[in-house]
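Please open the model in your viewer and keep the selection panel at hand. The stops below are arranged as a tour, each with a selection to make and a description of what is found there.

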Amino acid sequence: MTYEQDIAKQALDFAEKCHGDQKYGPYPYRYHLEKVVEQAIRRGGSENEIIACALHDVLEDTACTFEELRAAWGPRVAKLVWAVTNVKTSRGHTDRIRTYWNVLSFAPSSLFVKLCDRLANVQEGGKLAKYTREYPLFREMLWPAAQQHRSCRSLFDDLDHMLGWTDDA
């Protein structure tokens, strides 16, 4: 097992405990987290980015708090996970603009994590219509920050291809 795989396993084990019996479609939630981590490792993510990819949904979808996450994984990882957590409106809907601004607050690492998650979701296909609809705003707001991180550009290239994006879209 490589070092990256070892730290990913530790973070995935932590996330799995937090997510409990949650599902990703028909699969245990860990399945989705592993797909996100695979993207990060394959694209040369840093240790903190790989860990944050494993933990990216714990603040949003579990009872885990920011303080618990910081105590277990340190402030940098906790901030990365916070940055990719969807911001909810008073009615419980996701506020995309505020969420994307949070992503930008810790770019390029937070953008890398968000893109690994988005690509894993698009590859699964279950949310393809939703992500295709959201992509113009997502790309407009986050593409400029991708220029700071070679892997972010590559992730956007893959998303562009999968979502049928062209420069004149």
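Which residues of helix 3 are buried? Before selecting them, please note that this is a predicted model.

**First stop: helix 3**

Select helix 3 and colour Glu-49, Ile-50, Ile-51, Ala-52, Cys-53, Ala-54 and Leu-55, which are the buried residues. The helix is mostly covered, with seven of its nine residues buried. To see what covers these buried residues, display the surrounding elements, which include helix 1, helix 2, helix 4, helix 5, helix 6 and helix 8 (109-124).

**Second stop: the cysteines**

Remain in helix 3 and select Cys-53, which counts as buried because its relative accessibility is 0%, under the 20% limit. A disulfide is a covalent bond between the sulfur atoms of two cysteines. How many disulfides does a search of the whole structure find? The search finds zero. Cys-53 accordingly takes part in none, and the nearest cysteine sulfur, that of Cys-116, is 4.3 Å away. Next, select Cys-64, which is likewise in no disulfide; the nearest cysteine sulfur here belongs to Cys-18, at 4.3 Å. With a relative accessibility of 11%, Cys-64 also counts as buried.

**Third stop: helix 1**

Select residues 3-19, which form helix 1. At 1.5 Å a residue, these 17 residues should span 24 Å, and the end C-alpha atoms are indeed 24 Å apart, so the expected and modelled spans agree. Within this helix, highlight Ile-7, Ala-8, Ala-11, Leu-12, Ala-15 and His-19, the buried residues. Now look down the helix axis: the buried residues fall within an arc of 135 degrees and therefore line one face of the helix. They pack against helix 2 (29-42), helix 3 (47-55), helix 4 (58-61) and helix 5 (66-73). Move past the end of helix 1 to Gly-20, which follows the helix and has a positive phi, near 55 degrees.

**Fourth stop: the aromatic rings**

The structure holds 11 aromatic pairs. One of them joins Tyr-24 and Tyr-31, whose ring centres are 6.4 Å apart; the planes meet at 40 degrees, so the pair is tilted. Tyr-24 is buried, with a relative accessible area of 11%.

Next, select Tyr-135 and Phe-156, another aromatic pair that is tilted, with 6.4 Å from centre to centre and 50 degrees between the planes. Where in the chain do these two residues lie? Tyr-135 is in helix 9 (residues 128-146) and Phe-156 in helix 10 (residues 150-163), so that the pair links distant parts of the chain, 21 residues apart. Both Tyr-135 and Phe-156 are buried.

Extend the selection to Tyr-100, Phe-138, Trp-143 and Trp-165, which ring pairs link with Tyr-135 and Phe-156 into a cluster. Two arginines may then be added to the view. Arg-118 lies over the face of Phe-138, at 4.2 Å from the ring centre, and Arg-139 lies over the face of Trp-143, at 4.5 Å from the ring centre.

**Last stop: Asp-95**

Finally, select Asp-95, in the loop between helix 6 (75-83) and helix 7 (96-105). Is Asp-95 buried or exposed? Its relative accessible area is 19%, and Asp-95 is therefore buried, the limit being under 20%. Display its contacts as well: leaving aside neighbours within four places in sequence, Asp-95 is in contact with Val-87 and Thr-89.

Conventions: Residues numbered from 1 in each chain as written. Predicted model: local features only at pLDDT ≥ 70, side-chain atom pairs only at ≥ 80, totals over all residues. Heavy atoms only, no water. Helix = DSSP H or I, 4+ residues; strand = E, 2+ residues; numbered from the N terminus. Expected span 1.5 Å × (residues − 1). Buried < 20%, exposed > 50% of the residue type's maximum accessible area, 1.4 Å probe, protein only. Arc of directions from axis to C-beta. Contact = heavy atoms within 4.5 Å. Disulfide = S-S within 2.5 Å. Phe/Tyr/Trp six-rings, centres within 6.5 Å; stacked < 30°, edge-to-face > 60°. Lys NZ or Arg CZ within 6 Å of the ring centre and 35° of its normal.
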